[in-house]
Amino acid sequence: MHGKAMTFLRERRDSRLYGILTGPAVSFGVTALFALYHGYLGLSLTSVWHGGICIFYLLLTAIRGIIFLTEKLNRTRGEKERAVSRRRTFFISSALLLALDLALILPIAMMVVMERPVDIGLIPAIAMATYTTYKVTIASVRVRRQRRSPDGDILISELRTVNFIDALVSVLTLQNTLIMVNQDQAGEDDMFILSAVSSAAIYAVIVFVTVYMMVKGSKRA
């Protein structure tokens, strides 16, 4: 009887876990496409900014991929093996997350100093605005679900942090796009102040949530 109850609880937990991972799995594919998109723009237009964003999205894709692969392999492992595997993956992906934060310094600095090597036009601006709206909406919904039903898995907590950072970077990307499209229609001084303040604020939040997640996860690992 006790064995059946434990099996039922384990299956229910795994079902909830994969329910949580279903949405981010879609984001994994979208993120990979955007990494290729920015990589293409970086190469074809010789854009350092797009190259930096491409690196960010590649690291983001790698982190999500490692977490998905770990949880997939964990389905056939015992509890102790799962714990060891998740702990190892957490530290590896945390290192990648730090590299991800560092990769943002160059594109953010370019936004602040108003470096824009190319005009990308209206169509890419609309595409980025649509993507930003999608990411912010999805991230907000997941944050609400997390508050209602928090999960104890350190990798799921990290995945939610990564999703939140992804949404914030989408805002930065959209901001840069709007500046590139409308720079000639606004005063450069005003745009410089807006870009500097908003970029610094968003990046500070990104660094804070990264460090907070790492400290909290390290205690639980």
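This report walks through the aromatic pairs and salt bridges of a predicted model.

## Aromatic pairs

Let us start with the rings. The structure contains five aromatic pairs. One of them brings together phenylalanine 34 and tyrosine 37, whose ring centres are 6.0 Å apart and whose planes meet at 65°, an edge-to-face arrangement. Both residues belong to helix 1 (residues 2-44), and because they are three residues apart there, about one helical turn separates them.

How buried or exposed are these two partners? Phenylalanine 34 has a relative accessibility of 15%, so this residue counts as buried. Tyrosine 37, at 26% relative accessibility, counts as partly exposed. A further pair is formed by phenylalanine 56 and tyrosine 57: with 5.1 Å between the ring centres and 65° between the planes, this pair is edge-to-face because angles over 60 degrees fall in that class. Phenylalanine 56 and tyrosine 57 are both buried.

## One shared cluster

Which residues make up the aromatic cluster? Phe34, Tyr37, Phe56 and Tyr57 form it together. Within this cluster, Phe34 is buried, Tyr37 is partly exposed, and Phe56 and Tyr57 are buried.

## A salt bridge between helices 2 and 6

Now for the charged side chains. Opposite charges on side chains can pair when the charged atoms come close. Across the whole structure, two salt bridges are found.

One salt bridge joins aspartate 166 to arginine 64, with 3.1 Å between the closest N and O atoms. Aspartate 166 sits in helix 6 (residues 154-182) and arginine 64 in helix 2 (residues 48-73), so this pair links distant parts of the chain, 102 residues apart. Is this pair buried or exposed? Aspartate 166 and arginine 64 are both buried.

## A salt bridge between helices 2 and 3

Glutamate 71 pairs with arginine 86 in a salt bridge whose closest N and O atoms are 3.0 Å apart. Which parts of the chain does this pair tie together? Glutamate 71 is in helix 2 and arginine 86 is in helix 3 (residues 79-103), so the salt bridge connects parts that lie 15 residues apart in sequence.

Both partners can be placed by their accessibility as well. Glutamate 71 has a relative accessible area of 1% and is therefore buried. Arginine 86, with a relative accessible area of 14%, is also buried, because the cut-off for that class is under 20%.

Key
Residues numbered from 1 in each chain as written. Predicted model: local features only at pLDDT ≥ 70, side-chain atom pairs only at ≥ 80, totals over all residues. Heavy atoms only, no water. Phe/Tyr/Trp six-rings, centres within 6.5 Å; stacked < 30°, edge-to-face > 60°. Helix = DSSP H or I, 4+ residues; strand = E, 2+ residues; numbered from the N terminus. Buried < 20%, exposed > 50% of the residue type's maximum accessible area, 1.4 Å probe, protein only. Salt bridge = Lys/Arg side-chain N within 4 Å of Asp/Glu carboxyl O.
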